[in-house]
Amino acid sequence: DGTARAVVIGGGLIGVSVTAALVKRGVAVTIVEMKDWILNTILDEEAAAMETAMLREAGVDIKTGHTVVEVSGDSSPEGAVSGVTLDDGSKLSCNLVVVAIGVKPRAELAIESGIKVNRGIVVDCYMVTSCPDIYACGDVAEAYDFVYGDSRLSPIWPNAYLGGRTAGLNMAGVPTMY
C-alpha cells in the first residue's frame, strides 16, 4: 500500500519520542517493549496505560513483554529492511527499524581508577563517588532515586540536569543534596 512502516524497539522515553515524530510524518509504527508497559522506568502502570491509550488512538501498535530477535532484509548494498521477528516467532513487516533500548554507561575510566561502579558510577546524595572530591552525574551516575528507594541509573534529561547542577554546586563549595 506504500505506507512507511516502522518498528521501534524499546518503549522508553526515546522510543516513545521517536514514535511521536514518525506518526507526525505519517509512518505506521509498532513499538516493541520487553517490559510489561511502556515508559516503565519513569511511569507507574496506571500512568503508562494512559500514554498507551493515547498512542493507540494515534494508530500506534504496542507489543509489550516481547523483544526483537531478528531483523530481516535483503542483501543489497542499501540493506533494505523488510521486517522483524519477535521472541514468540511472530513477524512484523516494516521498512524502518529504530533501536532505542537504553543506555549503557561508559564507566571504564572510573573502573580503572578504582571508583565504585555497579551498573553506573555509584554516587552519594551530593553526587560524590567513592573517591572524595570526584563527582559523577548524568547517564553514567547511579544515584539514589527516592521513588524506588534505591540507587539506580535514570538516564533522562531532567535527572541529568539536576545531577549536574548538584555536582557543580558541591564542587563550588555549596553543599547541595540531589
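**View 1. Aspartate 36 is exposed, with a relative accessible area of 62%.** Here, exposed means over 50% relative accessible area, buried means under 20%, and partly exposed is in between (1.4 Å probe, protein chains only). Aspartate 36 sits in the loop between β2 (28-33) and α2 (45-57); helices (H or I, at least four residues) and strands (E, at least two) are DSSP runs, numbered from the N terminus. Please keep in mind that this is a predicted model, where local features need pLDDT of at least 70, side-chain atom pairs count only at pLDDT 80 or more, and totals for chains, interfaces and linings use all residues. Residues are numbered from 1 along each chain as its sequence is written, and side-chain values use heavy atoms, leaving out hydrogens and water.

**View 2. A nonpolar patch of about 520 Å² on the surface is made by Tyr144, Phe146, Val147 and Tyr148.** Patch residues have over 30% relative accessible area and no salt bridge, and nonpolar side chains (Val, Leu, Ile, Met, Phe, Trp, Tyr) are joined within 5 Å. A salt bridge is a side-chain nitrogen of Lys or Arg within 4 Å of a carboxyl oxygen of Asp or Glu. Accessible areas come from the Shrake-Rupley method with a 1.4 Å probe, and for residues only the protein chains shown count as cover. Phenylalanine 146 belongs to the loop between β9 (141-145) and β10 (150-153), and its relative accessibility of 71% makes it exposed.

**View 3. The whole structure has zero disulfides.** A disulfide would be a pair of cysteine sulfur atoms within 2.5 Å. The sulfur of cysteine 137 cannot bond because the closest cysteine sulfur, in cysteine 125, is 15 Å away, too far for a bond. Cysteine 137 is partly exposed at 31% relative accessible area, while cysteine 94 is buried at 6% relative accessibility.

Technical notes. Patches are made of residues with over 30% relative accessible area and no salt bridge: like charges are joined within 9 Å, nonpolar side chains (Val, Leu, Ile, Met, Phe, Trp, Tyr) within 5 Å.
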